[in-house]
Amino acid sequence: MASRRTSAVLLRCAARPSTFLRYSRPAAHRLCHNRFQQPVLRQITSLRSFHTSPCRPNMAPLQGERESNDVDVVIVGGGPSGLSAAIRLKQMANEAGNEDFRVVLLEKAGDMGAHIVSGAVINPSALNELIPDWNSSENPSRFEGVTAVTSDRMRFLTKKSAFAIPGPPQMKNHGNYIISLNEMVKWLAERAEELGVEIYPGFAASEILYEPGIEAVKGVATNDFGIGRDGKPKPSFERGMEFRARVTLFAEGCHGSLTKQLIKKFDLRQNSQPQTYGLGLKEVWEIKPENFVKGQVSHALGWPLPVDTYGGSWMYHFGENKVSLGLVVGLDYPNPYLSPYSEFQRMKHHPFFAKVLEGGKCFSYGARALSEGGFQSIPKVAFPGGALIGDTAGFLNVPKIKGVHSSMKSGILAAESTFKALSAKDRGTVMLYNYEESLKKSSIWKELKEVRNMRPSFHSPLKLFGGIMYSGLEAYILKGRVPWTLKHPQTDHEATKTVDEVKKIEYPKPDGVLSFDILTNVSRTGTNHEEDQPVHLRVPDWDKHTEKEWPRFKGLENRFCPAGVYEYVEDATKPLGVRFQINAQNCIHCKTCDIKAPSQDINWTTPQGGEGPKYFMT
């Protein structure tokens, strides 16, 4: 892939004018992304320490004018929803004979799909609508990385046993496919480029642009490149670029950094409940042929999680002798000693998993937060000049354990509303009311409303067992046809108890065969960040953070992070004998810290474009 500097030159030198926007600045040639190859494992032997940076000095290079590029639509994020929106927009434009209609998609990962991680069993409904021949044998460009689901299993786990239980109708997977979403996103990006979408991987949108004098989004700017850890520009310094458009679609995925700003600025949650989240941890293994059952889908509840913690596990047999397995832990768990990563590692020693993995080899790892709030946590999705699409708005169907189809469908709906709005004669600020209306009439709304009470039912006094019983009642009898909507009792960070209220959890040491230490798995992500740059995990005052959090939680940050980013290091010079440390080099962009930190003083921001994990087959 061309470097960011080369990309910038292409953007400045370009090509064709915008159809609906009559600006004098040049447009851009498309920049094709690279096919992503499996990363070489980076052996991590120690955590790298980063220190706080001083405020950026008011120097001329940092305040210099940015290059700008004017287009019809900007899409922030190259996941399923963003690519679906881009593809649908160009389909409509090309069908209308308007091939100069410019759609630019910005992706912070260095390669398309490199930051994508999911289970994943996909409901193909939205994909069938978007690209009807996506899996046709007559299509030479079909997506080949699919495995049809052949069987479903649901189990309740105790420490040593697995009991078969009936799976709810929402979890039946007949007609669905097991995929690597990471691979599918690469394929979707290729289809988008064929239609004329301009895709720019390695461009991290870090700032929202607003029309002067009015509260309307007019695009985004990418972050500056080449700033040292001391906040000063290096010889490689390059000012960020502005991408201006009448419509900007935000498809950042769960808990997007710009989405947070939009929700606050436009008060998009005024009529919805707070979002609640889960952390999904995943490994991909190659197993012995005699242990492989192609197309088999298994889900489990119970062990290793305590009864006051929502979550569950999965194991999918796909491809040739490959298994995707993982654990989702609700981030409203109360015990600060709980470690989602350690729970996942000890889970694999259960006979249900161990007998499948025996003799196999783990070759990939990833982790990502996901939105679990459901129907009652959907914010207002449209605002002046743009909209939220996909998991950044929170369309995951938790009981169904599926969100790709709804993310893609939301992208399609937003694209259709956008093209209609931009085709109108009115040249004023665009407000995508039609997107909100079509969303409420869509399958997304119907699906999420039907299951809206299942996730919050696990907060009953009966905890896990109460949730299972109520969810069974909803799944088989009530089906959402009740006059009440249960509430999420509190935000995830508020759910955390202090150490004096809970029992400490001791975890077994990884054996290096079925279970692995955290640095070994981080090496499998291929993650990398240049060391000489400001820390992208912003904590205003590390010492004050220590003074407030260490006595109450004794290192919660180290335990909730699935990548070894945070730790407390013994330091006799500090009042509490420990020093808070951020190893930003190891960050895999899961966003858990921004969600779970009790004082909400960790702000996840985008590092330099192109950095972070390089996931493979996730």
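**Exercise 1. Follow the pairing outward from Phe250, and place its strand in the sheet.**

Phe250 has Leu388 in β22 as its bridge partner, in a model that is predicted, where local features need pLDDT of at least 70, side-chain atom pairs count only at pLDDT 80 or more, and totals for chains, interfaces and linings use all residues. Residues are numbered from 1 along each chain as its sequence is written, and side-chain values use heavy atoms, with hydrogens and water left out.

Step 1. Strands here, like helices, are DSSP runs numbered from the N terminus (E, at least two residues, for strands; H or I, at least four residues, for helices). Strand β15 (residues 247-250) and strand β22 (residues 386-388) pair in the parallel sense over 3 bridges, where pairing requires that DSSP finds at least two bridges between the strands. Thr248 stands opposite Gly386 in β22.

Step 2. Turning to another neighbour, β2 and β15 run parallel and are joined by 4 bridges, with Ile75 having Leu249 of β15 as its bridge partner.

Step 3. The open sheet that holds these strands has 6 strands in the order β9-β3-β2-β15-β22-β21, with mixed pairing. Its edge strands, β9 (198-201) and β21 (382-383), each pair on one side only.

Step 4. At the β9 edge, strand β3 (residues 103-107) runs parallel to β9 and is joined to it by 4 bridges, and Val104 has Glu198 of β9 as its bridge partner.

**Exercise 2. Decide whether the side chains of β15 and β9 are buried or exposed, and find which helices pack on their sheet.**

Step 1. In β15, Val247 and Leu249 lie on one side and Thr248 and Phe250 on the other, and all of them are buried, a class reserved for under 20% relative accessible area, with exposed meaning over 50% and partly exposed in between (1.4 Å probe, protein chains only).

Step 2. In β9, Glu198 and Tyr200 point one way while Ile199 and Pro201 point the other way, and these residues are all buried as well.

Step 3. Among the strands touched by helix α6 (residues 257-265), which packs on a sheet, are β2 (73-76), β15, β21 and β22, and the direction of α6 makes about 115° with that of β15. Contact means heavy atoms within 4.5 Å, and axes are lines fitted to C-alpha atoms, for helices over the stretch in contact, with angles running from 0 to 180 degrees between N-to-C directions.

Step 4. Helix α9 (residues 404-423) also packs on the sheet, where it touches β2 and β15, and its direction makes about 175° with that of β15.

**Exercise 3. Describe how α9 meets α10, and then how α3 meets α5.**

Step 1. The axes of α9 and helix α10 (residues 433-440) come within 8 Å and cross at roughly 145°, in a right-handed crossing. A crossing counts as right-handed if the near helix is turned clockwise from the far one by less than a right angle, and as left-handed if anticlockwise.

Step 2. Ser410, Leu413, Ala414, Ser417 and Lys420 of α9 make this contact with Asn434, Tyr435, Ser438 and Leu439 of α10. By class, the contact has 4 nonpolar, 4 polar and 1 charged residues, where Ala, Val, Leu, Ile, Met, Phe, Trp, Tyr, Cys and Pro count as nonpolar, Asp, Glu, Lys and Arg as charged, and the others, Gly among them, as polar.

Step 3. For helix α3 (residues 80-95) and helix α5 (residues 181-195), the axes come within 9 Å and cross at roughly 20°, which makes α3 roughly parallel to α5. That class takes angles under 35 degrees, whereas those over 145 count as roughly antiparallel, 65 to 115 as roughly perpendicular and the rest as oblique. The crossing of α3 past α5 is left-handed.

Step 4. The residues in contact include Leu83 and Ile87 of α3 and Val185 and Leu188 of α5, and by class they divide into 9 nonpolar, 2 polar and 2 charged.

**Exercise 4. Characterise the surroundings of Asn94.**

Step 1. Asn94 lies in helix α3, and counts as partly exposed because its relative accessibility is 25%.

Step 2. Leaving aside residues up to four places away in sequence, Asn94 touches Glu99 and Leu195. Asn94 and Gly196 are 102 residues apart in sequence, yet 9.0 Å apart in space, C-alpha to C-alpha.
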